[in-house]
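Visitor: I am new to this structure, and I would like to learn how to read its disulfides. Could you take me through them step by step?

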Amino acid sequence: MKRYKAIFFATAIIASTFLQSEKAFSDDINNQIKLPKGFKISVFAENINNARQLAIGSKGTVFVGTTQSTVYAITPNKKVYKIATNLFHPNGVAFKNGSLYVGETNKISKYENIEANLDNPPKAKIIYDKLNSKTHHGYRYIKFSPEGKLYISIGMPCNVCEASEKKLGTISKMNDDGSGFSVFSKGIRNSMGFDWSSKKELWFTDNGRDFLGDDLPPDEVNKAENKNEDFGYPYCHSGYISDPDFGKKKSCSDFKKPEINLKAHVAPLGLSFYKGKTFPAMYQNQIFIAEHGSWNRSKPIGYRIMNVFIKDNKAVEYNVFAEGWLKKDNNVIGRPVDIVNYNDGSILISDDYSNKIYKIEYK
């Protein structure tokens with residue numbers, strides 16, 4: 001009995017310590033996260049388990065996808081709803097004309113008139129069910145383009161391999177009813193973030209292959225200017241590294257090169273152009289990237305928000321915007337996932353490690 005009491009009290013102490021540290025992080029986040037002068041970060045929502053892709057409704061509702069089984073909605077007054085449960089890794093969420101679109105590993109569904117029915121969500125309408133159901137790189141990232149097409153990332157189901165079907169290793173697109181599916185960009189290992197510039201060009205992150213060492217290959221930010229451009233995977237990585245297994249089949253010169261190479265293994269996920277009006281001019285129409293952080297590097301890297309600055313339609317700089325989720329002792333307190341423009345000019349950032357959504361604003 002004494003042994004079980006000891007275990008109980010030890011467990012209670014650990015739980016209490018965790019809750020206290022969580023509260024301290026929420027209460028003192030501006031001292032935890034380093035930002036440029038004039039910016040402020042706060043916790044927008046907590047206890048959003050495994051928070052991943054974000055989408056904003058027309059009434060300011062924040063929709064949150066996860067890689068577990070639940071899709072959440074958070075109203076402007078911070079009330080949280082579960083829109084759907086028991087789904088198959090519903091990472092992707094997008095919003096158009098009153099409807100929420102959810103991208104699961106194997107299909108895309110639509111919830112109509114969702115913001116008027118948060119407490120009693122409508123039954124999902126499946127609009128596309130021909131996705132590969134393999135879970136390796138099976139999380140879907142979805143977003144509507146300026147012309148109203150639904151774009152979807154379809155990762156390769158491996159570390160490095162050749163595609164067994166045309167839609168694998170692509171960013172593809174379809175109409176909002178699921179018709180007209182076609183591949184837009186190919187030769188992509190696994191993109192978990194994309195957005196369109198003011199010139200309506202698609203920019204996207206891509207996660208490089210593993211097990212070539214700590215510093216190879218760099219992860220990428222790419223720009224797709226035309227349909228059917230090939231970005232090299234699995235034959236060429238980062239624009240210049242010939243793959244040891246597949247590189248003999250094709251040359252790096254055969255493929256579109258990255259706009260800019262990032263650090264290796266930082267795991268760049270969400271990418272968003274800042275389209276608000278409240279940040280300083282230097283950030284207008286510039287890229288924000290969520291680096292989820294390394295898992296296969298001897299010294300961890302990432303766990304931060306980065307800027308890629310563009311000049312004359314070319315990426316010219318790659319700088320830290322927000323950091324502090326990775327501490328100096330390599331203790332991890334958060335892993336940024338996605339970034340979205342919020343209605344008041346701020347940005348929201350999801351974190352699937354601490355189960356939070358942050359808000360960054362300029363004061």
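Guide: What follows is a short talk about the disulfides in this model, which is predicted.

Visitor: How is a disulfide recognised, and how many disulfides are there?

Guide: A pair of cysteine sulfur atoms counts as a disulfide when the two atoms lie within 2.5 Å, and by this rule the count comes to 2 disulfides. Cys158 is joined to Cys161, with 2.0 Å from S to S, and Cys236 is joined to Cys252, with 2.1 Å from S to S.

Visitor: In what pattern are the bonded cysteines paired along the chain?

Guide: When the bonded cysteines are counted along the chain, the disulfides follow the pattern 1-2, 3-4.

Visitor: Is the disulfide of Cys158 and Cys161 left-handed or right-handed, and why?

Guide: The handedness is read from the torsion about the S-S bond, which is about -80° for Cys158 and Cys161, so this disulfide is left-handed. For Cys236 and Cys252 the value about the S-S bond is 105°, and that link is right-handed.

Visitor: Which parts of the chain does the pair of Cys236 and Cys252 tie together?

Guide: Cys236 belongs to strand β18 (residues 236–237), whereas Cys252 sits in the loop between β19 (241–242) and β20 (260–264), so the pair ties together parts that are 16 residues apart in sequence.

Visitor: Are these cysteines buried or exposed?

Guide: Buried means under 20% relative accessible area. Cys158, at 10%, is therefore buried, and Cys161 also counts as buried at 19% relative accessibility. In the other disulfide, Cys236 is buried with a relative accessible area of 4%, and Cys252 is buried with 14%.

Methods
Residues numbered from 1 in each chain as written. Predicted model: local features only at pLDDT ≥ 70, side-chain atom pairs only at ≥ 80, totals over all residues. Heavy atoms only, no water. Buried < 20%, exposed > 50% of the residue type's maximum accessible area, 1.4 Å probe, protein only. Helix = DSSP H or I, 4+ residues; strand = E, 2+ residues; numbered from the N terminus.
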